[in-house]
Structures are given as C-alpha cells and as structure tokens.
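User: I'd like to learn how to read a fold like this one. Can you walk me through it, starting from the inside?

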Amino acid sequence: MEARMFGLETPLMAALQHLLDIPDGEAGGAGNAGGEKQGPTRAYVRDARAMAATPADVKELPGAYAFVVDVPGLASGDIKVQVEDERVLVISGERRREEKEDAKYLRMERRMGKLMRKFVLPENADMEKVSAVCRDGVLTVSVEKLPPPEPKKPKTIQVQVA
C-alpha cells in the first residue's frame with residue numbers, strides 16, 4: 001500500500017520506504033567492496049518494526065514468569081514460541097491480509113504483517129518448563145522458576161584434645 005494514499009508523502013517516509021525495498025543481499029549499495037554489509041538488511045528492519053509494534057506485559061508470579069501478548073485473529077498454528085541461545089524467549093507470528101478478488105478495501109486500519117518479541121530470561125527461569133496458551137486472542141507464555149538453592153549447612157569440625 002502506498003504512503004500517498006494516506007497523505008504520508010514526506011522525505012522521511014520516502015527514505016523509510018526505500019530502506020524497506022532493499023533486498024537482503026544488497027544492503028551496502030554500489031560502493032560495497034568485498035561483500036561487506038554496511039547498512040541494515042531488509043529482514044533486520046522488518047524484525048525491528050515487528051518488535052516495536054508488538055506490545056507485551058511481563059509479570060513475575062510467586063512460582064513463574066508470565067508473558068502476555070495480544071494476538072487477535074491468529075490461530076495457534078500461526079504463533080511460534082521458542083527458547084533460543086539458552087535464555088532468550090522468542091514469540092513470533094504473522095497476520096496475513098485476507099485476499100478476496102471481489103472486495104475492495106476502502107480503509108485498512110488493522111495491523112497486518114509480522115509480530116515478534118524477544119525476552120532475556122532471568123537465571124532462575126526453568127527452560128524445561130515453558131508453556132503457552134492462547135485464549136480469546138491473548139497469548140500467555142508461562143516460564144516456571146527453578147526452586148531456590150538450599151542454603152549450605154555449616155561444616156562442624158570436631159576438636160580433639162592432645
């Protein structure tokens with residue numbers, strides 16, 4: 001959809017649109033010697049936009065951490081919950097536009113496209129006990145806490161009389 005349709009034809013919007021139109025392998029431009037990437041790739045920009053546009057609530061409960069994300073209109077198969085690099089929780093998905101040949105959009109206000117959030121989990125999070133439930137367009141990911149370490153008992157040394 002073009003920016004002109006919404007009256008957003010400004011130099012800033014044109015620059016942003018140009019950035020989004022750069023294919024992944026061509027981020028450096030014509031002066032890119034040696035194949036080094038000098039600017040953000042299209043995938044990076046898309047992911048950054050998705051993370052900025054995906055609000056989330058994070059709650060600490062007595063026995064777990066809860067991550068709550070609104071995902072209206074997404075089926076459970078469209079949502080992916082992963083634990084990467086041992087302590088990074090990644091919630092992602094994509095809402096696609098319904099394409100009907102006989103329909104013409106007069107206004108499009110609902111957000112379409114990729115959604116993503118990344119969270120670095122604390123040291124006491126149990127990576128083996130992660131669960132996700134999606135109910136009424138709200139995704140709740142729970143990560144249980146590890147039990148607190150038991151305090152070390154002092155070692156008693158018997159004193160011998162010589």
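**Reading the core and its strands**

Analyst: Sure. Keep in mind that this is a predicted model. The largest nonpolar core has 15 residues, and those touching the most other members are F67, V71, L89, I91, L121, L139 and V141. Two or more residues of this core come from each of β2 (64-70), β4 (88-95), β5 (113-120) and β7 (138-145).

User: What's the general idea behind a core like that?

Analyst: In soluble globular proteins, nonpolar side chains tend to end up buried together.

User: Which residues does I91 touch, leaving out those up to four places away in sequence?

Analyst: I91 touches F67, V69, K80, L115, M116, R117, F119, L139 and V141.

User: How do I read the strands around β7?

Analyst: A general point to begin with: along a regular strand, side chains alternate between the two faces of the sheet. Here, β2 and β7 run antiparallel, joined by seven bridges, and A64 sits opposite E144 of β7. Strand β6 (residues 125-135) is also antiparallel to β7, again with seven bridges; C134 has L139 as its bridge partner there.

User: How many residues lie between β6 and β7 in their hairpin?

Analyst: Two, and D136 in that turn has a positive phi of about 55°.

User: Is A75 buried, partly exposed or exposed?

Analyst: A75 counts as partly exposed because its relative accessibility is 41%, between the 20% and 50% cut-offs. You'll find A75 in the loop between β2 and β3 (79-84). A75 and G137 are 62 residues apart in sequence, yet their C-alpha atoms are 8.6 Å apart in space.

How values were computed: Residues numbered from 1 in each chain as written. Predicted model: local features only at pLDDT ≥ 70, side-chain atom pairs only at ≥ 80, totals over all residues. Heavy atoms only, no water. Core = buried A, V, L, I, M, F, W, Y, C linked by side-chain atoms within 4.5 Å. Buried < 20%, exposed > 50% of the residue type's maximum accessible area, 1.4 Å probe, protein only. Helix = DSSP H or I, 4+ residues; strand = E, 2+ residues; numbered from the N terminus. Contact = heavy atoms within 4.5 Å. Pairing = 2+ DSSP bridges.
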